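Take a walk through this structure, from the ligand outward to the whole chain. Keep the sequence at hand as you read.

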Amino acid sequence: MRTLVAYYSRSGNTRFVAENIADFLGADVEEVIDKSDRSGPIGWIKSGIHATLELDTEIEKLEYSPSNYDLVILGSPVWNKRITPAMRTYLKKSNFSNSEIAFFNTNDSDKTQNTFGTMKDILEGKEPISTLVLSKALENKKESEKRIRKWCREVKSQVIE
Ligand SMILES: Cc1cc2nc3c(=O)[nH]c(=O)nc-3n(C[C@H](O)[C@H](O)[C@H](O)COP(=O)(O)O)c2cc1C
């Protein structure tokens, strides 16, 4: 099963989850890099506004083509209950018609947020085979790793069936 994990991360939580998934599944990893400076308090405020306005952004050149993969796992932090501009842009630019897809998000609260609905809408209704939500992933590394492994086993069994 050729697998790609594509993610955006501003402060490392989503990167941690993405790298764990990739290790477990033997996947390639595409870090989607936002050209906009989102560091520091100003970057934080700007990011919240851009997410709320559902803006696209400019992203760095991509290394991998999703159409070469059986499964593409897509991950983003939640910003103001929404997906990030970098993931929004990546989803719009890429072609997932040959692949199964799965989604994950990282956030600071356990409340359900509708980022997966947005991701599915951008992909014109394409259903993810599975989704994963992790809160404060870097603060709870052990617990996060356990949940990631369990989820990866489920995802793998669904693609192989
Ligand atoms: C601008 C901004 C807005 C955020 N909005 C939310 C939110 O609405 N709900 C939530 O649970 N966490 C929110 N967070 C927290 C992040 O989703 C969380 O820390 C995430 O794991 C960060 O991922 P990263 O470290 O990969 O960037 C927000 C963070 C930022 C920077």
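A residue counts as near a molecule if one of its heavy atoms lies within 4 Å of it. By that test 19 residues surround the ligand, and those that come nearest are Ser 9, Ser 11, Thr 14, Val 78 and Thr 106. This is a predicted model, in which local features need pLDDT of at least 70 and side-chain atom pairs pLDDT 80 or more, while totals for chains, interfaces and linings use all residues. Residues are numbered from 1 along each chain as its sequence is written, and side-chain values use heavy atoms, without hydrogens and water.

Look at the polar contacts next (pairs of N or O atoms within 3.5 Å). The side chain of Ser 9 places an N or O atom 2.6 Å from an oxygen atom of the ligand. The side chain of Thr 106 does so at 2.7 Å. Gly 12 uses a backbone N or O atom, 3.1 Å from a ligand oxygen. Taken alone, the ligand exposes 640 Å², and the protein buries 89% of that (Shrake-Rupley method, 1.4 Å probe).

What kinds of residue make up the shell around the ligand? It divides into 4 nonpolar, 12 polar and 3 charged residues. Here Gly counts as polar, and Asp, Glu, Lys and Arg count as charged; Ala, Val, Leu, Ile, Met, Phe, Trp, Tyr, Cys and Pro are the nonpolar set.

Which elements supply the shell? Helix 1 (13–25), helix 2 (40–52) and strand 4 (100–107) each give at least two residues. Helix 2 has the largest share, with 3 residues. Helices (H or I, at least four residues) and strands (E, at least two) are DSSP runs, numbered from the N terminus.

Now step back to the whole chain. It holds 5 helices and 5 strands. Along the sequence they follow the pattern β-α-β-α-β-α-β-α-β-α. The radius of gyration, taken over C-alpha atoms, is 15 Å, close to the 15 Å that the globule rule gives for 161 residues, so the chain is as compact as a globular protein of that length. That rule is 2.2 Å times the number of residues to the power 0.38.

Key:
A polar contact is a pair of N or O atoms within 3.5 Å; within protein, one must be able to donate a hydrogen and the other to accept it, and residues adjacent in sequence count only if both atoms are side-chain atoms.
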